[in-house]
Amino acid sequence: MTVFARRARASAGRMHPELSLVAYTLLGHLEESGGCRATDLAAHYALDKSTISRQVAALEQAGLIGRRTDPEDHRVQVLHLTEAGEEILAQVTRSRRAAFRERLAGWPEDDLTRFAAYLERYNAAATALGPGPGR
């Protein structure tokens, strides 16, 4: 698991050297959710609000996210991906898919099937545990 985490951090750094793995994770969440408040990010990932604030500031400064007023509550700011943020995530997705294809190219079909089943099982367990550090 340590090697997996180390590779994930290194991959994030290669795609955009100024951003951390946490920043990429937040971008992914904003993409999946279609945008949300910073407090929602903090709650979802069980992170301190100050940690989220620093990450959000870095993402805004890099031009990868923006803010807009929530149409239902004009006091609330909703974070969303910019075009640049969407493109960075698309680049990461293409790069990761290519890396997976390359690493798994020589695997027999039975091994791929078992590996996929294990990943599904692992992800289902992580989902059942809910958000939190390391999940």
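**Entry 1: His29**

I looked up the neighbours of His29 and found that, apart from residues within four places in sequence, His29 is in contact with Cys36, Leu41, His44 and Tyr45. The model I am reading is a predicted one. I located His29 in helix α2. Is His29 buried or exposed? I noted a relative accessible area of 14% for His29; as buried means under 20%, His29 is buried.

**Entry 2: The chain as a whole**

I next turned to the overall layout. The chain contains six helices and two strands. Reading from the N terminus, I recorded the order of elements as α-α-α-α-β-β-α-α. The chain has 135 residues, of which 26% count as buried. I also entered the exposed surface of the chain, about 9,400 Å², with 54% of it supplied by carbon and sulfur atoms. For contacts between residues at least 6 apart in sequence, I found that 44% join residues at least 24 apart.

**Entry 3: Helix α2 against α4**

I then examined how helix α2, residues 21-33, packs with α4. How far apart are the axes of α2 and α4, and at what angle do they pack? I read a distance of 10 Å between the axes and an angle of about 80°. Angles of 65 to 115 degrees count as roughly perpendicular, and α2 and α4 are therefore roughly perpendicular to each other. On the α2 side I listed Val22, Ala23, Leu26 and Leu27, which meet Ile52, Gln55 and Leu59 of α4. By class, I counted six nonpolar residues, one polar residue and no charged residues in the contact of α2 with α4.

**Entry 4: Helix α2 against α5**

I made a similar check on α2 with helix α5, which spans residues 83-104. Their axes lie 10 Å apart, and the packing angle is about 105°. I therefore entered α2 and α5 as roughly perpendicular to each other. Which residues make the contact between α2 and α5? From α2 I noted Tyr24, Leu27, Gly28 and Glu31, and from α5 I noted Ile88, Leu89 and Val92. The residues of this contact divide into five nonpolar, one polar and one charged. I marked Leu27 in both lists, since Leu27 takes part in the contact with α4 and in the contact with α5.

**Entry 5: Asp40**

I looked up Asp40 and placed it in helix α3. Its relative accessibility is 27%, and Asp40 therefore counts as partly exposed. What does the side chain of Asp40 contact? I found a polar contact with the side chain of Arg37, at 2.7 Å. I also compared Asp40 with Val78: they are 38 residues apart in sequence, and their C-alpha atoms are 9.7 Å apart in space.

**Entry 6: Ala46**

I followed the chain to Ala46, in the loop between α3 (38-45) and α4 (49-61). I recorded a positive phi of about 55° at Ala46, although this residue is not a glycine. Most residues other than glycine have a negative phi. Ala46 is partly exposed, with a relative accessible area of 44%.

**Entry 7: Ala58**

I finished with Ala58, which is found in helix α4. With a relative accessible area of 32%, Ala58 is partly exposed. How many residues separate Ala58 and Leu19 in sequence? I noted 39 residues in sequence and 7.8 Å in space, C-alpha to C-alpha.

Key
Residues numbered from 1 in each chain as written. Predicted model: local features only at pLDDT ≥ 70, side-chain atom pairs only at ≥ 80, totals over all residues. Heavy atoms only, no water. Helix = DSSP H or I, 4+ residues; strand = E, 2+ residues; numbered from the N terminus. Buried < 20%, exposed > 50% of the residue type's maximum accessible area, 1.4 Å probe, protein only. Axes fitted to C-alpha atoms, helices over the stretch in contact; angles between N-to-C directions. Parallel < 35°, antiparallel > 145°, perpendicular 65-115°, else oblique. Contact = heavy atoms within 4.5 Å. Nonpolar A, V, L, I, M, F, W, Y, C, P; charged D, E, K, R; others polar. Areas by Shrake-Rupley, 256 points an atom, 1.4 Å probe, with all protein chains shown as cover. Polar contact = N/O pair within 3.5 Å; in protein donor to acceptor, adjacent residues only side chain to side chain.
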